[in-house]
Amino acid sequence: MTAKKISLKDFLINNGIIVVLILLAIFTAVKQPSFGSFDNLKNIALNVAPRFIIACGVSGCLITRGTDLSAGRIVGLSACLAGTLLQKPGYSGKFFPNLPDFGIWWVFVVLLICIGVCAIFGLINGLVISYLQVPAFIGTLGMQLIVYGACLVYTNATPIGGYRPAYTEVAKGRLFGVVPYLFLIALVVGLVIWFIYNKTPHGKYMYAIGGNEQAAEVSGVNTNKTKIIIYVTAAALYALGGFLVGAKSGGSSVNMGMGWELEAIAACTIGGVSVNGGIGKVSGVLIGVLVFEILKTCLQYLGVDTNYQYIAQGIVIVVAIALDIRKYIAKK
């Protein structure tokens, strides 16, 4: 009997946030029946898709005891970069008035451009963290400001819109008129990241570094190379996420993606990715992102003031990290 009580207690402590938010979702569905409607659940899923991709990028950093505070700004940079290159030919406020009207293939070229540009910032993050030994928190905080400044210079803080249908169709279209492309893209990303984490030497090196970096080095793991790959991959995922968010929104600005890195970190932590490194699953990342998105939607349906919504989200972030640290201390 005692063992059962302890296990139940541990379960509630370790998954307390998820349990509370599930209860909140049930309460919201009772108070506002439209919350459980198919359209609302579909909207939640569509919002989860790009955020899941972004959180997958952050998860690799967390598993190796790092973090990435530049994630949100890189998302915004990608969205702005894609927006300036994929506007309609006849749009009055076109960013590049003389840009030719390329075919549908140009959308994929622009995606590669966004990934390439953002990967450069990820490479710099990796080099600074691995070779200069700058703590990830400080290094990526500095990169956050650099990317934001670069985006301001590039766009001159001008809102961007007037996207060509071929671009918005990437986020709003459906395969055979049924399955949204966003779902498929997120599914493919999730499967690839799962395979990397669980079936490749790189994935094993990640968890080894997160568990004990010194021991990993002694075992022959090239920790610097592994970290660089992690931050470059993360930036590429942010770029893809920003590209999709821009297409879904139909417009972008320098403030797009602001604060999303904190949401991603909280979602990963809620889903069991430890900020203390060495622990984390892709399935947990998905659960965490879904739970965090449900929280925001519940607060909106309950009519909670937007200002208080930020307070609630901040509390969830702090509690999630606190519980994660508690689990780490308990293990030690």
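Which hand, left or right, does the crossing of α4 and α6 have? The crossing of these two helices is left-handed, a crossing being left-handed if the near helix is turned anticlockwise from the far one by less than a right angle, and right-handed if clockwise.

The model is predicted, with local features needing pLDDT of at least 70 and side-chain atom pairs counting only at pLDDT 80 or more, while totals for chains, interfaces and linings use all residues. Residues are numbered from 1 along each chain as its sequence is written, and side-chain values use heavy atoms, with hydrogens and water left out.

**Helix pairs**

Helices are DSSP runs (H or I, at least four residues) numbered from the N terminus. Axes are lines fitted to C-alpha atoms over the stretch in contact, and angles run from 0 to 180 degrees between N-to-C directions.

| Helix pair | Angle | Axis distance |
|---|---|---|
| α4 (71-85) and α6 (136-155) | about 20 degrees | 9 Å |
| α2 (16-31) and α13 | roughly 40 degrees | within 10 Å |
| α12 and α13 | about 120 degrees | 7 Å |

Angles under 35 degrees count as roughly parallel, over 145 as roughly antiparallel, 65 to 115 as roughly perpendicular and the rest as oblique. With their axes 9 Å apart at about 20 degrees, α4 is therefore roughly parallel to α6. Their contact (heavy atoms within 4.5 Å) is made by Arg73, Ile74, Gly76, Leu77, Cys80, Leu81 and Thr84 of α4 and by Gln144, Val147, Tyr148, Cys151, Tyr154 and Thr155 of α6. By class, this contact of α4 with α6 has eight nonpolar, four polar and one charged residues, where Ala, Val, Leu, Ile, Met, Phe, Trp, Tyr, Cys and Pro count as nonpolar, Asp, Glu, Lys and Arg as charged, and the others, Gly among them, as polar.

At their angle of roughly 40 degrees, α2 and α13 are oblique to each other, and their crossing is left-handed. On the α2 side Ile18, Leu21, Leu24, Ala25 and Thr28 take part, meeting Ile287, Val291, Ile294, Leu295, Cys298 and Tyr301 of α13; these residues divide into 10 nonpolar, one polar and no charged.

The pair α12 and α13 packs at about 120 degrees, which means that α12 is oblique to α13, and α12 passes α13 in a right-handed crossing. Glu263, Ala266, Ala267, Cys268 and Ile270 of α12 touch Gly284, Val285, Gly288, Val289, Val291, Phe292 and Lys296 of α13, a contact with eight nonpolar, two polar and two charged residues.

**Pocket and cavities**

On a 1 Å grid over the protein atoms alone, a cavity is a set of points where a 1.4 Å probe fits but cannot get out, and a pocket is an open set with protein on both sides within 12 Å along at least five of seven lines; lining residues have an atom within 4 Å of a point. Grid points are joined across faces, edges and corners, and a volume is the space filled by probe spheres set on the points.

The largest pocket has a volume of about 550 Å³ and is lined by 22 residues, of which Arg51, Glu263, Lys296, Tyr310 and Gln313 lie nearest its centre. At least two lining residues come from each of α3 (38-63), α12 (260-270), α13 (282-301) and α14 (306-331), and the lining has eight nonpolar, 10 polar and four charged residues.

There are two cavities of 30 Å³ or more, and the largest cavity has a volume of about 100 Å³. Its lining consists of Arg51, Ile54, Trp260, Glu263, Ala264, Ala267, Val289, Phe292, Glu293 and Lys296, with α3, α12 and α13 each giving two or more residues. This lining divides into six nonpolar, no polar and four charged residues.
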